[in-house]
Amino acid sequence: MPDVAAVSESAAMPARSAAPIIRVDGITLRFGGVTALADVSFEIGASEIHAIIGPNGAGKSCTLNCLNGFNLPQQGRLFLREQEITGFAPHRIARLGVGRTFQGLQLFAGLSVVDNLLTGRHLHMKTGALEGFIYRGWAHAEELRERRRVEEIIDFLEIKNIRHKLVGSLSYGLRKRVDLGRALAMDPKVLLMDEPMAGMNLEEKEDIVRFVIDIREALDIPIVIVEHDMHVVMDIADRITVLDWGHVIARGNPQAIKSDPTVIKAYLGAEVRR
Amino acid sequence: MVTIWRGVSKTVVMLALAAAATAATAQTEYKVPGLLDFSGPFADLGKQMMARGAVLKWWNDNDGKKLGVKLSLKEYDTRYDGTVVASMWPGILAEMKPIIALGLGGADLNALQQRLPNDKVPVIYAPPGYGFGWHPNQWVFNARATYVHEWTTALVWYAAQNPQKRPLKVAFMSSQASPAYVDLVKGIDKYIKTVLEPKGTATVVITEWIEAQPVDLSSQMKKVIDAKADIIIGTANTTMAAAAMRAMQLHGVNIPTLAAPWHTIWPLAQAMKSYVPWEGHLVVTGIASTAEKNSKAWEFYQALAKGYGLPAEWNPLNLLGISQGLLAVRAVEHAAKKVGGDKLTGAAVYEALTTGSFTEDELMGILPTLTYTKDAPFPLKGGKVRIEWVKDGKYQLATPNWLTMPTDVTKW
Amino acid sequence: MTSLLSQVANGALTGLLYALVAMSFVIIYRSARVFNFAQGEIVVVGAFLVWTLMSAFDLPVWAAVPLALLASVLLGVLIERVILRSLVGEELFAFVMVTIGLLIFIRGVVLVAWGPEVRFFPAVLPMAAVKVGALVFDRAMVIGGALTLVVAAAMSWFFNRTQLGLEMTAVAEDHQTALSLGIPVTRSIAVAWGISGLLSTVAAIIFLNGKGMTFLASDIGFAALPVALLAGLESIGGVVLGGLIVGIALGLASYFLDPIFNGGVAAVFPFVIMVIVLLIRPTGLFGWKTIERI
Amino acid sequence: MTLPGGVHAETYAQDRALIRTPWQWLWFAAFVAVLLLLPFLRPGGAVGIATVIGITLIAVLGLQLTSGCAGQINMGQSAFMGVGAYAAGALAVHLHWSFLMTIPIGGISAAVFGAVFGLAALRIKGFYLALTTIAAQYIFTFAMLKLPKEWFGQSEGLRMDPAVLGSFAFDTDNRIYYLVLAFAALMTYGAWGLMRSRTGRAFIAVRDNDNAAEVIGINVFYYKTLAFFIGAFYAGVAGALWAYYVRYVQADQFTLWLSVWYVGMLIVGGMGSILGAIVGTVVIRLLQELITVVGPQITDLLPTLGGQFVFAAMNMLLGGLIIVFVIFEPRGLVHRWNIVKESYRIWPFPH
Amino acid sequence: MLLELTNVEVVYSDVILVLKGVNLSVAEGHIVALLGANGAGKTTTLKAISGLLRSEDGEVTSGSIQFQGVPIHTEEPQNLVRRGLVQVVEGRRILPHMTVEQNLLVGSKVLKDRAERRQVLDKVYGYFPKLVNLRARVSGYLSGGEQQMLVIGRALMARPRLILLDEPSLGLAPMIVTEIFELVESLRRQEGIAFLVVEQNANVALAVADHGYVMENGRIVLYGTGPELRENEDIKEFYLGMSISGHGKSFKDVKHYKRRKRWLG
């Protein structure tokens, strides 16, 4: 990846290819007695920003978890570029190029920012335990090479001056940024983002939005984003899937979603009789 | 920190030496390291075994003075942990340059026995030896032969008491928690099968492996009873012995057990305040008997207790400590006579130990006459034991005299 | 055949006794989320308390046992107050280590206070044989087994039926929720330590009844470990079943496997069963399962 | 990475380096010199203690990798050590292989045994895992007493000859000290390399958040197993060295108690750092030494107390110290040291 | 006022300032909604009131919290429950391995005897007839709605004056959410219990609320009566992004230099 930040933002929107990158085919996920997802299907096209919205607990995170292989749906199938990935272990799916940021703080608190990002490079590194033990030579060279790569991301996310800090000591906003950096370090072919704006102020939100748009433009990858902030979603999403209580109740572009009566109802909730 | 304390200790010793110098005695002082367990699994031995210190003091005042030798004992808590011994020993070597050392058992034996020939320090052990220590040219010495030697002696004697003139039926009941327990069972088992069985003296009817700290032995005991055993061997700690006793009471039987004095009758009868449950049970020991009073050993004990602050009572563990101390001082004595009290070395003491005999007289009747060779770390020939038992509710000697140990015990 | 039956039946009884010790692990674990490695030492302290009161002070059973039980409750509460309380919120490792430190410390205390000599534990329970057909049992063991069942039932009742017990179960489930409902979590944990101390002494009485004893009796703690784990660290009733399973399996194993391995299976077999069960059910047979989230 | 103010890395390699200032180099060089010259500076006692510390350190480093870094509590380290000792011992005794072969093979044998528990670690977590590893101890003792006598000697154990290199035998305290020192240095260096390379990061990722680690592409199953494998490898090497030091191997030497102490050393030093393992090992071992040294002194000075009382009281002291330590500094000495250092530091400063 | 917060500041782990001067009050028998985005500090506010903060290394560093006119910010949770202040923690924290009835009984710590417990229990069952048939069921197997009812019912067992309700609609179907808020409303009406409800679903919360507060970044940024807020354009936009006006420019138009400048400074 070239320096992402340097890519002009006036670059033309990449053309959409016809084949979907991700296809979710009727997945159903249950925990004990609770149905988290019921027959959910959708597709993610190449380099689109696809938002999944819905009330809290509607199954948005569960959807991402299924895509990651973290949760195994009882029914339905998942495809990544027409390759079926249902039942794959999460690390295998990650290897296929699915990057992910998390809703809560899921960084490795005992590692510095640089090392957190380097864990994102894990997939692309080859040093085994033995080379690590010897360290000189190969392992060292790879370490430096990957470090260079990670520094690009640090540059892009503008977190240079905190690179050696333990992430446990960082503020919430910065941690979210490191989380994004770690996902980017994976060189993802698809990026899943779980509530990246949660708990941020307007300025921080603007930053993240900028990063998201830049990433899409520079990497030309689809981004699946689960988000509550409708403002952000309506502004940046190409397509939106609306989930409610585990069901897909609407999908389409922002304009269509905004005026969809089912969506309004789900979001507003039914009027309470007084 | 260690350095500081070593420093302090040195100062203390120097002061003591200065004080000794004013007394104008020309004794050459040799420091003797003692390895003991005060907080590990054999902590119960620690207190009793300190009797060996009294022996050294006694000897310093008597024979030591004549020879110009003074032995000062320093006890260490090894927690019966090989790691502690292994890390401590080089320091002891460097600081004390010992000519002899007093050990405790398995843990320090394990950690030291391979290096002692290089270190040129003989180490004396009080309890009986083990098969796994039976190698030539050892610098480790037991004040008596192995458990197997001692216990088979008792077995042969007991079989001879058997009025029915049939092979004595032996049951083993011991634990595999420690190699030591396994070792003694294996040795006796081999001796019975190769020597006694062909002679029709004894036969092994059952071997029951139990836990070292058993909860309940009633079903194991049932098997032993069903096997019609005449005697049970191997309950080599008090918990096993007590649990076996309970199980027998449960089944309403009383099969005699054979063990060392500090395993069964003495500690448990003391705790239970009664010898009655132990009627007919035997113990065997290569040292003087506590059942015997007014013997030479008893007199020696009295002398130690009165004059040298012997902390413990007239009991088998105490005797262990005394026997160990005695062998040590006599070995030093033999060596000093040969090379002179101011020229003692570990090698000289080793030579003294491996050549010549230590007479029962020298050993104050606590030990029988011992003759060591370089073939084994214990006297292979001529060793003797005493057998004690509970008869008519009284703890007493089963035979008036020492019994000679068999010489046909081969390594197992 | 009788021998097999006898081994299995006596194994089951022994297993029940282990269950009693395991229960004292479990009661602390479920409320405080701490596995107390020093439990075996607490059993020893309980045992010495009884011994001191009965053998040294010559108190009668009816006075000595309740006094010892009371003292062991206080000991449990004291440990919680002084040591565990200051660690709330620390990592798992801290708890592992602090109870190990406690183990070493209590052992030192026991050695200083009572010394390493062998003691004869008084026969609090009647010692006699109970014959069932060809099988012979130790009456004290049978009483102990029955007592274990009674204690387990009582504990089950306490934790499921009484208000205090329910509150303690709530603490076991979720400290914060319990707090939000007005349950004093730290007090519940202290009560758990108290109960656990009590059970330890009861276990000591049954275990050591009329036997020789030294400070090494603390091995009972490690012997009971497989029972607690196999059952799952939250379940009171499960522990009884776990004890029975381990005991019976032990009986079977020593009958069938000892001849093959030339004995000694009893020491290792409970651990082998434990590992196998945990591989299949990682929180034991009756332990609480948790759902992981990201 | 804590640096004094004003030190900036010019290259990533420098940024990655362990020793970065001239003063650090000086201290390091002095430390190495003391270690190398120890037998001449303080012959005897110090060498013996240092040898055992060196062996212990290797085992504790392994435990640090398994437990401190990868977060998998392991209370079977001593059993793993035993496996290494027996494997190396058997090869040396029966096949007369060189220690250059037997020590690594001892390590690998232990590693394979340890990896079995790593497999379990995927499913079993927390206290359950810690207690499961205790089973290793019982299985080890059982196996060593049951496997054919021709292999491991059963209750007799294995008696070994000194390690030999050409015609040079490691048969004195000083010689074996250098052998252990060399291995300890190598293993420490290796642990450091492991820690700051891909494997170490994966370990910490698995420890801090195994779910997130899995999702970003770290094979958690593999790394948990690997953590046990490597940790047990270290234990195996330590065990093999122990075998060559004591030249006698028996199951009795490797107790659960020892594993417990290893965990204690980690706690005192600090979880998750190589330096923590070193500090913890040295501090606890010296403390134990101190007690074995001070005990007799007190007994000498106050003979009326008797050794029994003094030594038991020492145990109280040691246990009490650990408790106090955990309560007041649950993250270990190294953590405290870092905090102290932190307060002197002006880094990070805006460039 | 039943509950009054004045300039409350909360710090976590001695460093992270989460609440930056919160003023808020709840009158006897009122329903007050506390709205705001994720991470705005709503839950922290509730925990500061109920005393749960301290169990998470949080601390009220300045300001005052008064309940029934008495300062309570150093009070232990159990004493607050005794005084009638109960928090229903976010995420339907049932005690999953206990039965429904056990769950309810656990909440009755402050009641004095069995008879009283029985009586309150019956009353709760009266409000939640669904739970009667489920009383012996292990609560982990209940549906989300049933669990939500259970936790509210459990809070009622303490006979509270004020319930702090954290996101009751989380992950529930609209119908169920409606049902729950109807219940809240009827509890207020019949029992006179006051509620402080943290909610993301503004509409449903404001429909029953007498007053509402909007939080952002640890501060109260908007205050009004229920109907006022419901008609407020900012609220609509804040929660729904439905309005085309408002924010003024699209997020897409944010410029790089702005970030650069701030980060370099």
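**Exercise 1. Find how many salt bridges and polar contacts link chain C and chain D.**

*Solution.* Start with the charged side chains: between chain C and chain D the count of salt bridges is zero. Bear in mind that this is a predicted model. Next, turn to polar contacts: five residue pairs, both residues at pLDDT 80 or more, are in polar contact between chain C and chain D.

**Exercise 2. Describe the side of chain C that touches chain D: which helices supply it, and how do its residues divide?**

*Solution.* Begin with the helices. Four helices of chain C each supply at least two residues to this side: H3 (61-84), H4 (92-114), H9 (219-231) and H12 (265-280). Among these, H4(C) gives the most, with 17 residues. Then sort the residues by kind: this side of chain C has 40 nonpolar, 11 polar and seven charged residues.

**Exercise 3. Work out how much area chain C and chain D bury, and which three residues of chain C supply the most.**

*Solution.* A word on the quantity comes first: the size of an interface is often given as the accessible area lost when the parts come together. Between chain C and chain D, about 4,300 Å² is buried, and carbon and sulfur atoms give 81% of that area. On the chain C side, look at C:Phe93, C:Met97 and C:Ile104: they supply 17% of what chain C buries against chain D, more than any other three residues. To finish, count residues in contact: 58 from chain C and 43 from chain D.

**Exercise 4. Place this pair among the chains: which pair has the most contacts, and which chains have no contact?**

*Solution.* Seven pairs of chains touch, and chains C and D have the most contacts among them. Now look for pairs without contact. Chain A and chain B are one such pair, with their closest C-alpha atoms 28 Å apart. Chain D and chain E are another pair that no contact joins, although here the closest C-alpha atoms lie 9 Å apart. The cut-off helps here: contact means heavy atoms within 4.5 Å.

**Exercise 5. Examine the interface between chain B and chain C, and find the residues that form its salt bridge.**

*Solution.* First, the area: about 2,700 Å² is buried between chain B and chain C, with 59% given by carbon and sulfur atoms. In chain B, the residues that lose the most area to chain C are B:Val215, B:Arg246 and B:Leu250, together 25% of what that side buries. Second, the polar links: there is one salt bridge between the two chains, in which the side chains of B:Arg246 and C:Asp138 meet at 2.8 Å, N to O. B:Arg246 therefore appears twice, in the salt bridge and among the residues losing the most area. Two residue pairs, both at pLDDT 80 or more, are in polar contact between chain B and chain C.

Third, the elements: H2 (43-49), H9 (218-226), H10 (238-251) and H11 (265-272) of chain B each give two or more residues to the side that touches chain C. H10(B) has the largest share, six residues. The residues of this side of chain B divide into 11 nonpolar, nine polar and seven charged.

**Exercise 6. Locate the hairpin formed by S2(C) and S3(C), and describe its turn.**

*Solution.* Strand S2 (residues 129-132) and strand S3 (residues 135-138) of chain C pair in the antiparallel sense over four bridges. At one of these places, C:Val132 stands opposite C:Leu135. Two residues lie between the strands of this hairpin, and C:Gly133 in the turn has a positive phi of about 60 degrees.

**Exercise 7. Trace the sheet of chain E: what is its strand order, and which strands are at the edges?**

*Solution.* Write down the order: S2-S1-S4-S5 of chain E, an open sheet of four strands with antiparallel pairing. The edge strands, each pairing on one side only, are S2 (16-26) and S5 (70-71). Now walk across. S1 (residues 3-12) pairs with S2(E) over eight bridges, where E:Val10 has E:Leu19 as its bridge partner. Helix H1 (residues 42-50) of chain E packs on the sheet, touching S1, S2 and S4 (58-67), and its direction makes about 110 degrees with that of S1(E).

Continue to the other side of S1(E): eight bridges join S1(E) and S4(E), with E:Val11 partnered by E:Glu59. Last, S4(E) and S5(E) pair over two bridges, with E:Phe67 opposite E:Val70. These two strands form a hairpin with two residues between them, and E:Gln68 in the turn has a positive phi of about 50 degrees.

Methods. Residues numbered from 1 in each chain as written. Chains lettered and ligands numbered in written order. Predicted model: local features only at pLDDT ≥ 70, side-chain atom pairs only at ≥ 80, totals over all residues. Heavy atoms only, no water. Pairing = 2+ DSSP bridges. Axes fitted to C-alpha atoms, helices over the stretch in contact; angles between N-to-C directions. Buried area = accessible area lost by both parts, 1.4 Å probe. Salt bridge = Lys/Arg side-chain N within 4 Å of Asp/Glu carboxyl O. Polar contact = N/O pair within 3.5 Å; in protein donor to acceptor, adjacent residues only side chain to side chain. Nonpolar A, V, L, I, M, F, W, Y, C, P; charged D, E, K, R; others polar.
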